[in-house]
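Dear colleague,

Please find below the structure I promised to hand over. My findings follow it.

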Amino acid sequence: MKNKWLKISSILALAICLGLAWLNFSGRLSAGSFKLWFLIVSLVYFVTATLSVGKKSGA
């Protein structure tokens with residue numbers, strides 16, 4: 001179950017990255033805010049994706 005939540009959160013983090021890029025492109029988000037939030041969400045993605053791939057499933 002934990003592995004499932006890690007995969008869901010990593011996919012959600014990727015979707016948020018795309019959303020941040022779109023907000024920056026459309027001018028609704030400043031470059032400074034975009035860089036900060038993209039850094040944070042990217043770190044969350046890499047941590048959750050690494051944990052979800054590295055953990056053995058309970059089955």
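Cysteine 17 touches Phe38, Val41 and Ser42, leaving aside residues up to four places away in sequence. Please bear in mind that this is a predicted model. Cysteine 17 also belongs to the largest nonpolar core, which has six residues in all: Ala13, Cys17, Leu20, Leu29, Phe34 and Val41. Helices H1 (2-26) and H2 each supply at least two residues of this core, and H1 gives the most, with three residues.

**The two helices**

The end C-alpha atoms of H1 lie 36 Å apart; its 25 residues, at 1.5 Å a residue, should span 36 Å, so the two values agree. The expected span is 1.5 Å times one less than the number of residues. The same reasoning applied to H2 gives an expected 34 Å for 24 residues, which agrees with the 34 Å between its end C-alpha atoms.

The buried residues of H1 are Asn3, Leu6, Ser10, Ala13, Cys17 and Leu20, and they pack against H2. In H2, the buried residues are Phe34, Val41, Ser42, Thr48, Ala49 and Ser52; these pack against H1. Just after H1, glycine 27 adopts a positive phi of about 90 degrees.

Serine 42, one of the residues that cysteine 17 touches, is located in H2. Its relative accessible area is 15%, and serine 42 is therefore buried, the cut-off being under 20%. Between the C-alpha atoms of serine 42 and leucine 12 there are 11 Å, with 30 residues separating the two along the chain.

**The nonpolar surface patch**

Which residues make the nonpolar surface patch of about 370 Å²? They are Leu36, Trp37, Ile40 and Val44. Two of these deserve a closer description.

Leucine 36 lies in helix H2, which runs over residues 31-54. Its relative accessibility is 47%, so leucine 36 counts as partly exposed; that class covers values between the 20% limit for buried and the 50% limit for exposed. Tryptophan 37 is likewise in helix H2, and because its relative accessibility is 46%, tryptophan 37 also counts as partly exposed. Measuring from C-alpha to C-alpha, tryptophan 37 is 9.5 Å from isoleucine 16, and the two are 21 residues apart in sequence.

**Further positions in H1**

Is isoleucine 11 buried or exposed? With a relative accessible area of 59%, isoleucine 11 is exposed, since the threshold is over 50%. This residue has its place in helix H1. A distance of 19 Å separates the C-alpha atoms of isoleucine 11 and leucine 36, which are 25 residues apart along the chain.

Leucine 14 is also found in helix H1. Its relative accessible area is 40%, and leucine 14 is therefore partly exposed. The C-alpha atoms of leucine 14 and leucine 29 are 18 Å apart, with their positions 15 residues apart along the chain. Leucine 29 is itself one of the residues of the largest nonpolar core.

With kind regards

Key. Residues are numbered from 1 along each chain as its sequence is written. This is a predicted model: local features need pLDDT of at least 70, side-chain atom pairs count only at pLDDT 80 or more; totals for chains, interfaces and linings use all residues. Side-chain values use heavy atoms; hydrogens and water are left out. Patches are made of residues with over 30% relative accessible area and no salt bridge: like charges are joined within 9 Å, nonpolar side chains (Val, Leu, Ile, Met, Phe, Trp, Tyr) within 5 Å. Accessible areas come from the Shrake-Rupley method with a 1.4 Å probe; for residues, only the protein chains shown count as cover. A salt bridge is a side-chain nitrogen of Lys or Arg within 4 Å of a carboxyl oxygen of Asp or Glu. Helices (H or I, at least four residues) and strands (E, at least two) are DSSP runs, numbered from the N terminus. Buried means under 20% relative accessible area, exposed over 50%, partly exposed in between (1.4 Å probe, protein chains only). A nonpolar core is a set of buried Ala, Val, Leu, Ile, Met, Phe, Trp, Tyr and Cys residues joined through side-chain atoms within 4.5 Å. Contact means heavy atoms within 4.5 Å.
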